[in-house]
Amino acid sequence: MNTRALNALIWSALIVLVGVILVGVGWFIGLLSPILTPLFIAALLAYLGDPLVDRLEAYKFPRAAAVITVFCVLTVGVLGIVILLIPSVEDQITALRGKIPEYERVILTDWLPWLEAKTGIELTMLDFDQIKLIVQKNLGSAQSLLTRILPSIFGSGIAIIAFIGNMLLVPVVTFYLLRDWDIIVERIHILIPRHVEPTISRLARESDTVLGGFVRGQIMVMFMLAVIYTVGLTISGLDLALLIGLLAGFVSFVPYLGTITGVTLAVLAVLLQFGDVEHLVYVAIVFGIGQILEGFVLTPVMVGDKIGLHPVAVIFSVMVGGQLFGFIGVLIGLPAAAVLMVLLRFIYQQYMNSGLYASRQQELAPKMGSEEI
């Protein structure tokens, strides 16, 4: 077997091996997702908090004191957000349910006649009673999610133990991972075979740079956009400002999805609540300011060009993650794609420097030269 065929066989085997490993890991994660979810959340919190612990250590904090400080800050932050947001969101959902009859009247008396006159399409045949029931049912489900979950959770002793165990497991595992993060990383580093250690360490550093910078930065961007949209829509007088602002901010990690979702919902809410053009201008101003700040200030400063993925690849990775692993998959889809991009870049560089690519260039060079002659 010549060198070219051997190199091709090696690369083919490598690609197949990587594919099999990815499929196996995905199947394993899907199988154990109920158990791995609290561990995943704890690992994510520890990963986000470790740089803060390292910074405090640089200021002469003992590791234990730094971990306790960061752990308390994370706990207070998460609890504060939950305590502040849940009552306000529930109040807005309640208000929205109460206004459905008014919105129905606006649609039937104002919107439908105007649309029929403009399009010539008969719209009165639509079953709006059924549509209204569906909307009320979904809103009721969203509002009473907690009240429906709690009885089911506390319906049996085993479920109570499982729920309490998961709730307690997240902070406990987060604390211990924060405390021992550097030790865990060092022990994994020791296990790496010495002949591939430089390459794997370089890939790990690149992945950490991409993943850490992107995740921490994107969380800040999402939070800031949610605040900007919520405050701006509240100033404009929109009743559903909090719901729309939070949703638009939290889905902004997918390119353009946050803006499209926010603008669509805000326009519908303005037309139903005010029915004028003036408030549509306010909506355009709010989201225009948000887009300018995101494009020129927030993303360049907090995220930069760390991930290096095309917007289509970002959307595809989120969709694939959601399809395979549900909500957790949506969260891990983009970070996994970022790490995969680092590995693909390495494979590409290795291929470009390999004898397989060089031999191909040598074969094409005489042909290109003869064509030029």
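Visitor: What makes aspartate 182 and arginine 63 a salt bridge?

Guide: In this predicted model, the closest N and O atoms of aspartate 182 and arginine 63 are 3.1 Å apart. The cut-off for a salt bridge is 4 Å between a side-chain nitrogen of Lys or Arg and a carboxyl oxygen of Asp or Glu, so the pair counts as one. The pair links distant parts of the chain, with aspartate 182 in helix H7 and arginine 63 in helix H3, 119 residues apart.

Visitor: Is arginine 63 called buried or exposed, and why?

Guide: Arginine 63 has a relative accessible area of 16%. Buried means under 20%, so arginine 63 is buried.

Visitor: Why is aspartate 182 called partly exposed?

Guide: Its relative accessibility is 36%. Partly exposed covers what is neither under 20% nor over 50%, so aspartate 182 belongs there.

Visitor: What makes arginine 63 and aspartate 50 a salt bridge?

Guide: Their side chains meet at 3.1 Å, N to O, and the limit is 4 Å. Arginine 63 is in helix H3 and aspartate 50 in helix H2, 13 residues apart. Aspartate 50 is at 7% relative accessibility, so it counts as buried.

Visitor: How do you know that arginine 202 and glutamate 206 form a salt bridge, and where do they lie?

Guide: The N to O distance between their side chains is 3.3 Å, and the definition asks for a distance within 4 Å. Both residues lie in helix H8, 4 residues apart, which is about one turn of the helix. Arginine 202 has 29% relative accessibility and therefore counts as partly exposed. Glutamate 206, with 32%, is partly exposed too.

Visitor: Which residues are joined into one network by salt bridges that share partners?

Guide: Asp50, Asp54, Glu57, Arg63 and Asp182 are joined in this way. The structure holds 6 salt bridges.

Visitor: Why is lysine 60 called exposed?

Guide: Lysine 60 has 76% relative accessibility. Exposed means over 50%, so the word applies to lysine 60. Lysine 60 sits in the loop between H2 and helix H3. Its phi is positive, about 75°, although lysine 60 is not a glycine.

Visitor: What makes valine 281 partly exposed, and where is its place?

Guide: Valine 281 is at 41% relative accessibility. Partly exposed lies between the 20% and 50% cut-offs, so valine 281 counts as partly exposed. Its place is in helix H11. Val281 also helps make a nonpolar surface patch of about 940 Å², whose residues include Tyr282, Ile285 and Phe296.

How values were computed:
Residues numbered from 1 in each chain as written. Predicted model: local features only at pLDDT ≥ 70, side-chain atom pairs only at ≥ 80, totals over all residues. Heavy atoms only, no water. Patch = residues over 30% accessible without salt bridge, like charges linked within 9 Å, V, L, I, M, F, W, Y side chains within 5 Å. Areas by Shrake-Rupley, 256 points an atom, 1.4 Å probe, with all protein chains shown as cover. Helix = DSSP H or I, 4+ residues; strand = E, 2+ residues; numbered from the N terminus. Buried < 20%, exposed > 50% of the residue type's maximum accessible area, 1.4 Å probe, protein only.
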